[in-house]
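Q: I am new to reading protein models, and I would like to look closely at one part rather than skim the whole thing. Could you pick a single strand and walk me through its surroundings?

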Amino acid sequence: MQYSSATLIDKYLRTRKIPSTACSGCGLGINHKVVVQAINELDLKVNDIIWGTSIGCAGRQTFATWQGDGFAGTHGRVYAIARGLRIALPPEKKIICTVGDGDAFGIGLMHLIHSARSNVDMTVIVNDNLGYQSTGGQFGFTTPQGAHTDSSPYGMFEHNLMSEGMDVMHILKGAGATFLARHVAMDGQRAVESVKRAILNPGFSLVHMPYPCPTNFASRELGSRNQVNIYRWIKERAKPLEEADENTVWATGVWHDATGSRPEFSEHVWGAVNKIRKTGAL
Amino acid sequence: MKRFLETGNFAITEGAILAGCRFFCGYPITPATELAEAMSKRLPQEGGVYLQAEDECAAMHVCIGASLGGMKAMTATSGPGYILYADPFGWALGCEMPLVVVNSGRVGPVSGITGAPGQGEFYLTRYPTQGGNFEAITLAPNSAQEAMAMVVEAFYLSERFRMPVTVLGDQLITDGFEDITVPENEDEMKEMGFRTWPRSFCAGPDFYPYSDSLDIPPVQMGSGAGGLCSDWTPTEQGYDIEEVEAHHKHAYRLIYKVRNHRDLFNHLYEKKYMDDDPDLVVVSYGTPSRVVNTAVDRARAEGMKVGALRLINLWPFPDEHFKRKTKYLSVELNWDGELVREVQRAAPKDSEVHFLGSCGDLPTIPDLLETFEKLLKNQPLERKGWTLEAW
Ligand code: SF4
C-alpha cells in the first residue's frame, strides 16, 4: 500500500513545517514518511498519538511536524519525559518518539535502557545518520568502523556499539525491550511493516533506521555529497537478518518480538497502585 | 487536625498530598531519601504514583512528563542531585511546566558530608539551569511544620506562575523530629493559611501570550489539539523558532511574570524586634534562623538593640527589606558567604554588612552573642584559621 506524500501530509502533518529545513538529498524525510505511512495503515487518528522528538537533525526536523500534540526533550532525555507522560496518559494514547542516534545510543542510553527495562509503551524510531551531523559531522556510537569523520580523520577506530560482534540491539534486548527492528531508509514497505508492529506492541519498541546524510557523513567518508553514492554505500552494507554475512553492517528486519510477554509499565504501575489503595498491600 | 511527633520528611509528604500532588519521582540521596520513602508509602494510598529513576536528571524529567500529562508532581534531592536537575530545570522553566522541587541541603562542595546540614545552594536555587533569561522562585522553611506549609505554597505558586518552584531546606529540617499538626479538611487547611490552586488545562495550539500574565494553564498532552512544548525558543503556538525577537518576548515573559507579581510572596519573611530601628539586623534563612532568633531574644534581654530578619522567599530576593541603613550580619551554614552578597547588594550604599558562617553545624548562641556585641561596639570580628573577605 503506497500513499502519496501529499495525502499523508494533509492528513497528519503541519504544512507549516513541511518541507523541513533538512539538507536536500537527506534520507531523514524517507524515514519520516515510513513512520507516517505506518500510522496511516494502522488507521490511527491525529489525537491517538503524542509525538516526542529530541535534538540533532532527527529531533529538530521532526519536531512540530505532527498535527497533534508534540514535545521535544533536551539531549537524551525524551525517554524519561515519555515515562512520566505515560503514567499520566490514558493507555490507548500512543507515544512515538523520533530521535537521533547520538540522543538514543549516546547521551540518552541509560534512560533508553530503563525505559526498556520498565517496558514503557512507547515506540522509539532511531533515525541514525551515522554520527553527529547537526554539529558538523563527528563520529557517533553506531558509526561504522573505519569511517572518516571530522573527529575521526584517521578512520573511526574506537570500540563502538556496532562493531566486533557487538550490536546495540543485544543491549536493548537484554534490557527488556519487547519489540526491536532495524531497517535502512531504502527498505520501503518492509520498514513500514516493522514500524506498524512496533506501534501495536503494548510495551517498549524501538526501530533503528540508519539513513543517508549526504551533507556531512558522505562528504567526509566518500568525498562527495552526491546522494547516489551514499545511498548505494548504505545499501551495500545492509542485508536482511537471514542473509547477513561478515560484511553486513546493518542486519535488517525484526530482531526481537516479545509482544505481550511482559506487563506494560503504566498498566503495571497503576494496577499495583489500585491494589494497594484497596487492600493496603500488593 | 491531627498531631504527630514526626520528621520534616513526613510533613513535606503530607503537605504535598494536601496540595494535590499525586506523582513523585526521585533518586535516593541522603538526606532526602526518607522523603522518597515516605512518598512511596503514602502516594499509592492516595491513588498516586511513586517512581524511582535511574538518576536525578531522569527523576526530574519523569516528573516533567507527568506534569506534561496533567498531574501535579514533585521531586526531592540534596545538593549533589540538585545540580543534576539543571538540565530538566531548564526544560520546565522554558516550557512553563509546574513542578515542585525539594532540596535538603547538606555540607559541600560535591558530596561533602552526607549527614550534616548545609546552605551551599543559595545561588544555585537562583540559577538552577543554563542560559539565563529567567527568574526563579525559592522558599526556605525553618521547621518541619513550616516545611509542610511551604510545600503547599510551592504547589500554589508553581501552578499560578507555571514554573518549577524550589523548596530549600536542609538536613535538620527534613530529618529532625518535631511536633507537627496536619489539617484534615479544606476548612482546617484554610485556617492554617494553606492555599491551593487546581491544575488547569491548555490543550494548545496556543502556548502562551507574550506577557507577564499569571494563571495561564500549562500545555497538556493528550487531546490532539496540537499542543507543543520544546526546549527551543517558542513562538506563540509553541513552534521552535530561531529569531532574536521571539526570544526577547520569551525571556520577557519568563523574567517578568515573576518579578511583576512579587506581591504574591513578598509577605514570606519573619521579623523580630525590627520596629525600633535596631542598630544591628541579623539576616538568616532556614535552620540557622532558629538559633539566631534565640540569640536575638537573649541580646535584647541584655539590652543590645538587635533585630532579626528571617527570609522565607529567597528568590526573587526581597530587596524591600533592606531599605534601612544600619549594620547587617548574615548568618549562614557555609563558610564562603552567599546570602551576605545579596544583602550587601540590596542594602543602602555604605551600609556595614558582616558575615558569620558555620559549616556542617549550627552557630552557637554564645558565638552569636559575642559577634553581636563586637559589632555593636565597632570592634573587629575575630577570624578563625581561614581567610574571609572583609565584609
Ligand atoms: S546534516 Fe545530514 S542528516 Fe542532517 S539534515 Fe543535512 S543531510 Fe540530513
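A: Let's take strand E13 of chain B, which covers residues 306-311, and then work outwards from there. Please keep in mind that this is a predicted model.

Start with how covered the strand is. Six of the six residues of E13(B) are buried, so the strand is largely enclosed by the rest of the structure. Here, buried means under 20% relative accessible area. In a regular strand, side chains alternate between the two faces of the sheet. You can follow two sets of residues in E13(B): B:Val306, B:Ala308 and B:Arg310 lie on one side, while B:Gly307, B:Leu309 and B:Leu311 lie on the other. Both sets are buried, so to speak of cover here is to speak of both faces of E13(B).

Now look at the neighbours. On one hand there is strand E11 of chain B, residues 269-272, which pairs with E13(B) in the antiparallel sense over four bridges. To find this pairing on your screen, look for B:Lys272, which stands opposite B:Ala308 of E13(B). On the other hand there is strand E12 of chain B, residues 280-284, which runs parallel to E13(B) and is joined to it by five bridges. A good landmark for this pairing is B:Leu280, which stands opposite B:Val306.

How does the chain get from E12(B) to E13(B)? Helix H11 of chain B, residues 288-301, belongs to the connection: E12(B), H11(B) and E13(B) make a right-handed β-α-β unit.

Let's step back to the sheet itself. E13(B) belongs to an open sheet of five strands in chain B, with the order E11-E13-E12-E15-E16 and mixed pairing. E11 and strand E16 (352-357) of chain B stand at the edges, each with a single partner strand, so one side of each has no neighbour in the sheet. Neighbouring strands of this sheet are turned against each other by 20° on average, ignoring direction. Towards the E16(B) edge, strand E15 of chain B (residues 327-332) pairs with E16(B) in the parallel sense over six bridges. There, B:Ser330 has B:Phe355 in E16(B) as its bridge partner.

Next, the chain that holds this strand. Chain B has 13 helices and 16 strands. Of its 391 residues, 62% are buried. For a chain with 391 residues, a compact globule would have a radius of gyration near 21 Å, and chain B has 21 Å, which agrees. Its C-alpha atoms fill a box of roughly 70 × 50 × 40 Å along the principal axes. If you take the contacts in chain B with a separation of 6 or more, 78% of them are between residues 24 or more positions apart. On the outside, chain B exposes about 14200 Å², and carbon and sulfur atoms supply 50% of that area.

For a second example of a sheet, turn to one that includes strands of both chains. Nine strands form an open sheet with mixed pairing, in the order E7(A)-E8(A)-E5(A)-E6(A)-E4(A)-E3(A)-E1(A)-E2(A)-E10(B). Strand E7 (238-240) of chain A and strand E10 (228-229) of chain B stand at the edges with a single partner strand each, so one side of each is left without a neighbour in the sheet. Within this sheet, strand E3 (residues 94-100) and strand E4 (residues 122-128) of chain A run parallel and are joined by five bridges. One spot to check is A:Thr98, whose bridge partner in E4(A) is A:Ile125.

A helix goes with this sheet too. Helix H2 of chain A, residues 28-41, lies across strand E1 (49-53), E3, E4 and strand E6 (204-210) of chain A, and runs at about 160° to E1(A). A:Asn40 is found in helix H2 of chain A. With 8% relative accessibility, A:Asn40 counts as buried. Leaving out residues up to four places away in sequence, A:Asn40 touches A:Tyr3, A:Leu8, A:Lys11 and A:Tyr12.

To finish, return to your strand: E13(B) is paired with E11(B) in the antiparallel sense and runs parallel to E12(B).

Note on methods. Residues numbered from 1 in each chain as written. Chains lettered and ligands numbered in written order. Predicted model: local features only at pLDDT ≥ 70, side-chain atom pairs only at ≥ 80, totals over all residues. Heavy atoms only, no water. Pairing = 2+ DSSP bridges. Contact = heavy atoms within 4.5 Å. Axes fitted to C-alpha atoms, helices over the stretch in contact; angles between N-to-C directions. Buried < 20%, exposed > 50% of the residue type's maximum accessible area, 1.4 Å probe, protein only. Right-handed = clockwise from strand over helix to strand, strands pointing away. Rg over C-alpha atoms; globule rule 2.2 N^0.38 Å. Areas by Shrake-Rupley, 256 points an atom, 1.4 Å probe, with all protein chains shown as cover.
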